[in-house]
Amino acid sequence: MIRQVMEGAGLTLWPILSFIIFLTSCGFMLLWLYRPGSAPIYGRMARMALENEDEERGGESEGK
Amino acid sequence: MIKVKYDDKIVRMFLLACLGWGVIGMSAGLWLALELSNWKFNLDPHINFGRLRPFHTNAVVFAFGGNAIFCGVYYSTQRLLKARMFNDVISRIHFWAWQLLILVGGVGFLFGITQGKEYAELEWSADVILGIVWVLFAVNFFGTVARRRVKHLYVALWFYIGTILTIAVLHIVNGLAIPVSLTKSYPIYAGVQDALVQWWYGHNAVGFFLTTPFLGMMYYFVPKAADRPVYSYRLSVMHFWALVFLYIWAGPHHLHYTALPDWAQNLGMVFSVMLLAPSWGGMLNGLLTLRGAWHKLRTDPILKFFAASITFYGMSTFEGPLMSIKSVNALSHYTNWTIGHVHSGAIGWVGLITFGMIYWLVPRLWRTPLHSWSLANVHFWTAFTGIMFYVVSMWIAGVTEGLMWKEFTPEGLLAYPNFLEIVTKINPLYWIRAVGGMLYLGGLLIMVYNVARTIQAAPAFRDEEVDVPDAPAMSHAPAKYWHAVLEGNPLALCILTTLVIAIGGIVEMVPTFLIESNVPTITAVKPYTPLELEGRDIYVREGCYNCHSQMVRPFRDEVARYGDYSKPGEFVYDHPFQWGSRRTGPDLHRVGGKYNNLWHLRHLDDPRLTSPGSIMPSYRFLLDRKLDLSLTPTKIKVMRQLGVPYPEEMVKDCQAMARAQAKTISDDLAKDGVTGMEDKDVIALIAYLQRLGTDIKWREAAAQGPAVSVVTPEPTNTVVTAEPSKVASSDSKGAGQ
């Protein structure tokens, strides 16, 4: 049955559908990432790799 | 606050193993370069090109690269999660089992124990061990995640998670095989399907073994070395999800113009081009992390290594999508351009970032200053110069041979009908590549000396001890939002990542497996005889696929040079497929019937007897080595289990059948005065080579003239008809094999 459905649907539909889902997801993700007031959160996240150093220096937030 | 001791001993062990395997793997690479420059460097049988090449690729990818990954992951994970690794015993088992696996697998390759699938050459028994070791690594990693003291997982850890999950999926799906013995198996897939699965694996092994873990390391070590936070955390979120989604789709670009269905090829091409976006997003994120620290590049070798590495990442991720465009691929595929591309990624991106990480780690792990920063500088410039010699020579060689293969005279004949003419033309570039390899290896040896002297001067070892909060995991995000939830919930992150990587593989593979029109059946195509099957196993054992393709693409030049183009239905009994990815020598799919048995015997004895100037190693040992038919009945049984339509009685008759066919060939050789070959390996290999591409009667069709169907169609399947114009020009003259 799966075979019949796939043969009937046409193979070209699959990549187009995946492509649309991908672009839509990326679009929503971009909008979310740049929502107002989010910069300080990402600034803190960006410094996670430097935390040991920051703790020694009393570090500050930076990042985009 | 409580005190936590990080397990740095395991990091040091992986670091030293990385250096040791780096020297071994790159020395093997240099030797291969010399073998291509002058065939006399081949030391048969164990150090012949076909056996040494999988040793080299596995030693640098899984040994050098693998140990670098584990070194970086074990160091950064503990610090990012503020927790010691989950279990010290698992860490040690992981380390030693990995080294043992590489040692056993590598020695096995030199003895011809291989599955014959590029970058997945390990036989089933070693594959099982690899799977167990990978699970141990996963348990150790996720166990550490479970007891972390930081709520949120930093971006580097997502890339590690993506690596662990995807490699497991790739390894299991591509490794499915039915054993014949402890050291021999046949993959469950055949022909087109095997090719699709293999290159889905092969491409994503590059993506998820040589890219994502190193990107994770980039996101951790570059900010550390530059003392700057990552340029854009938002970009890293986009980078991660877009990369893991898109990478999985791109595998079919390794199979352009082959017998793979066209829709799958186009899909691979489109997604490969799209892959440029996240790749360059990641590259820019890495490079811009150095903003405000550019001046340090003048004096800090670590940052030089990192900056050059990320630049090579950008270059190779531009070149990859470019080469995946079908019209470019028509020229670049099977040429040295691919070798140059692979090495700009491998020794440029992976090698340099590993060296940078090691120079950053050694003074910290051994708590003593590096012996010589000047030597580190020398290493950088030596390695950089070596890479340039390597990749530029291979780019030129690739474009040169690609153009020469395709050139026609005004009269419509191949301008270079003798393949050897092209091989000898690019030989000087092989020497230049070898010089590049020497420089790169020389740089590594300088590093080994530098590290050894540093360790000599180091005080007694102790693990780093830090104060961490003895409290529930702390949060870095004041507000709850969906991605923060994901970053704080590893299980959800794992499930979503698995879903995202699964989409591409499923969409490409399921239709190829289920829809019959993708691989039209050709009734004229029959299973190999027992002797041909044994010959095929010798072909796989000697690694012939490392230099010869078995896939005539539907191009005018290829049809003119080799014969009728390859059809999907011709490979339905090929477990594994042997299409190859490089033409150091000519394609062999239509070699059957092109030369007589004596020609093949003399060619294998000494290729220069039949093909003056050939760089192929001698396979004289095949003329002495006794043909072993003891496993033939088991092989036929396994093939029957895989769906190859051998009659049941063949299981007991196969040895007698093989001997009878061997006698026919040896009788033919005896007419030319060659005796005593009927029980030798070479007879089986000749039987296999003479069978290649002969199931469809393309030579007869060419002789009859236009519009001839060369296959008998199944009632329900597609008819494959040879195009008259192509068949008409498919005379085998002058292929120079």
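**Helix α21 (residues 597-605) of chain B packs against helix α25 (residues 650-671) of chain B at an angle of about 85°, their axes 9 Å apart.** This is a predicted model, in which local features need pLDDT of at least 70 and side-chain atom pairs count only at pLDDT 80 or more, while totals for chains, interfaces and linings use all residues. Residues are numbered from 1 along each chain as its sequence is written, with chains lettered from A and ligands numbered from 1 in the order in which they are written. Helices here are DSSP runs of H or I with at least four residues, strands are E runs of at least two, and both are numbered from the N terminus. The axes are lines fitted to C-alpha atoms, for helices over the stretch in contact, and angles run from 0 to 180 degrees between N-to-C directions. So α21(B) and α25(B) are roughly perpendicular to each other (65 to 115 degrees; under 35 is roughly parallel, over 145 roughly antiparallel, and the rest oblique). On the α21(B) side, look for Asn597(B), Leu598(B) and Leu601(B), which meet Ile665(B), Asp668(B) and Leu669(B) in α25(B). Contact means that the C-beta atoms of two residues, placed from the backbone, lie within 7 Å. Sorted by class, this contact has 4 nonpolar, 1 polar and 1 charged residues. Nonpolar covers Ala, Val, Leu, Ile, Met, Phe, Trp, Tyr, Cys and Pro; charged covers Asp, Glu, Lys and Arg; the others, Gly among them, are polar.

**Strands β2 (residues 177-181) and β3 (residues 184-187) of chain B make a hairpin.** Just 2 residues sit between the strands, which run antiparallel and are joined by 4 bridges. Strands count as paired if DSSP finds at least two bridges between them. To get your bearings, find Ile178(B) opposite Tyr186(B), then Ser181(B) with its bridge partner Lys184(B). In a regular strand, side chains alternate between the two faces of the sheet. Along β3(B), Lys184(B) and Tyr186(B) point one way, Ser185(B) and Pro187(B) point the other way, and all are buried. Buried means 20 or more other C-beta atoms within 10 Å of the residue's own, exposed means 12 or fewer, and partly exposed is in between, with C-beta atoms placed from the backbone.

**Domain 1 of chain B touches domain 2 of chain B.** The domain assignment of chain B gives 2-508 for domain 1 and 530-728 for domain 2; such bounds come from an automatic or database assignment. Taken over C-alpha atoms, the two centres are 35 Å apart. At the join, 43 residues of domain 1 of chain B are in contact with 50 residues of domain 2 of chain B. On the domain 1 side, at least two residues each come from α2 (49-81), β2, β3, α6 (191-209), α14 (373-406) and α15 (419-425) of chain B. The largest share there, 5 residues, belongs to α2(B). By class, this side of domain 1 of chain B has 22 nonpolar, 13 polar and 8 charged residues.

**Two cis peptide bonds come before prolines in chain B loops.** One joins Asp44(B) and Pro45(B), with omega about -5°. Pro45(B) sits in the loop between α1 (8-37) and α2 of chain B. Another joins His575(B) and Pro576(B), again with omega about -5°. Pro576(B) is in the loop between α20 (556-561) and α21 of chain B.

**Lys82(B) and Arg367(B) have positive phi without being glycine.** Phi of Lys82(B) is near 50°, and you'll find Lys82(B) in the loop between α2 and α3 (88-110) of chain B. With 20 other C-beta atoms within 10 Å, Lys82(B) is buried. Arg367(B) has a phi of about 50° and belongs to the loop between α13 (336-365) and α14 of chain B. Arg367(B) is partly exposed, with 13 other C-beta atoms within 10 Å.

**Glu319(B) lies in helix α11 (residues 301-324) of chain B.** Glu319(B) counts as buried, with 21 C-beta neighbours inside 10 Å. Leave aside the neighbours within four places in sequence, and Glu319(B) is in contact with His341(B) and Ser344(B). Ile172(B) is 147 residues from Glu319(B) along the chain, and 29 Å separate their C-alpha atoms.

**Chain A has 4 helices and 0 strands.** Read along the sequence, the pattern is α-α-α-α. Of the 64 residues in chain A, 17% are buried.
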